[in-house]
Amino acid sequence: MIVVAGEALIDLVPQGAGALADLKPALGGGPYNTAVALGRLGSPTAFCSRTSYDAFGEALLDGLRGAGVDVSGVQRGTEPTTLAVATVDGSGSASYSFYVEGTADRFFAAPTALPAGARALSFGTCSLVLEPGASAYEELMRSASGQGLFTTLDPNIRTGLIADPDAYRARFRSWLPHVTLLKLSEEDAGWLGGGPQEWLAAGPSAVVITRGGDGLTAFTRDGAEYSVPGEKVDVVDTIGAGDTVNAALLHGLSAQDALSPEGLAGLEADGWTRLLRLAARAAAITCSRAGAEPPYAAELGEL
C-alpha cells in the first residue's frame, strides 16, 4: 500500500484568454493527482487528507474512488474546499492563485495509525506550507521515517503561499533526514537553493530533478547520475505532469521490488533508466491532454 498525504482541492481552469474568461472546475491538488495517478497505474493506494463535506469535497472523494484509491482514512470537515485559480501561458505551463483561508484541508490532524500494509508515504505541495495542517503532515513524515517506511517529498513550490521564503527553505532542509526519495522540478531546485549533493548528504538516498520537455535526472548518494530525455508530445498543458512523475516513480519502484530505503539504495543503472523512462512517458501522456489526466497502466506498456 502506498499512502499519499496532502491536499485535495479544486482547480479553476480558464477556458479562454483574459482575466474574465470562463472558469471550469477540475479535481486537483498535487497529492490528490499523485494518488489518482497511482490508482490508475494499478498500485494499491490510500489517500490521507481532510476534505470538505461540500459538493466539491464529495466530487474529490468520488474521483479517488473511481481510480481505486482507498479513502477510508480521509478526515472530513464542514469548512469549504480550497480553490486554485490556474493561469495557463502560451507554452501550456500553469501558475496558480489560491483561496485557502479557513478551508478544510488546513485542519488535517496526524492519524494515530496508517493503513494496513503501508510501505511508502508521499508528501508535498501546499499541505506542507499551510498551518496548522503543515505541522501535522510534518509529524506524519517524521513518524513514518522513524518506522523505516519509504518516504517521498515533492516540494512543488507555490511561492504565493510562502510568506517567509527563508523560513520555508530552512524547514525544507529539516525534512531531508526523513526523506528517502526527493523529487523536484528544476525551477523548484533553483528557488530552494543548494543542489543534489547537498540534499543527498542531508538524508535522501536519491534525488530526481525534472526538466520539463528535456527529461529527468536522478542523483544517488554513491555519486551516480542517470538521465533520460523527455518524450516528444504536443503539449496541451502541464497540469499534473509533476504529480504523474511522482506516481510513476513510486509505481515503478514497487514493480522492481525497490520500494524500501534499502531497495532504492541498491537500484542499479538499468533499473534507474527503466524507472526514469517510465516517468517521462507517463508525464508526456498527461501533458498531451487538458488538465490533470494521468495515464492508465495500459497506456504505458511495459516498465
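Start with helix α7, which has 15 residues. From its first C-alpha to its last it reaches 21 Å, close to the 21 Å expected at 1.5 Å a residue. Keep in mind that this is a predicted model.

How much of α7 is covered? Mostly covered is the verdict, with 12 of its 15 residues buried. Among them are Ala241, Asp243, Thr244 and Val245. His251, Gly252 and Leu253 are also buried residues of α7. After the helix comes Asp257, whose phi is positive, near 55 degrees.

Now look for empty space. Rolling a probe the size of a water molecule over the atoms shows where such space is left. The largest pocket has a volume of about 1,100 Å³. It is lined by 47 residues, and the closest to its centre are Ser185, Glu187, Thr238, Ala241 and Gly242. Ala241 is one of the buried residues of α7. Which elements each supply at least two residues of this lining? The helices α1, α5, α7 and α9 do, and so do the strands β2, β8 and β11. By residue type, the lining divides into 17 nonpolar, 19 polar and 11 charged.

Move on to the second largest pocket, which holds about 570 Å³ of space. Here 31 residues form the lining, and Val13, Lys24, Ala26, Ile239 and Gly291 are the closest to the centre. Two or more residues come from each of β2, β3, α1 and β7. Strand β3 gives the most, with five residues. This lining divides into 19 nonpolar, seven polar and five charged residues.

Definitions and conventions
Residues are numbered from 1 along each chain as its sequence is written. This is a predicted model: local features need pLDDT of at least 70, side-chain atom pairs count only at pLDDT 80 or more; totals for chains, interfaces and linings use all residues. Side-chain values use heavy atoms; hydrogens and water are left out. On a 1 Å grid over the protein atoms alone, a cavity is a set of points where a 1.4 Å probe fits but cannot get out, and a pocket is an open set with protein on both sides within 12 Å along at least five of seven lines; lining residues have an atom within 4 Å of a point. Grid points are joined across faces, edges and corners, and a volume is the space filled by probe spheres set on the points. Helices (H or I, at least four residues) and strands (E, at least two) are DSSP runs, numbered from the N terminus. Ala, Val, Leu, Ile, Met, Phe, Trp, Tyr, Cys and Pro count as nonpolar, Asp, Glu, Lys and Arg as charged, and the others, Gly among them, as polar. The expected span of a helix is 1.5 Å times one less than its number of residues. Buried means under 20% relative accessible area, exposed over 50%, partly exposed in between (1.4 Å probe, protein chains only).
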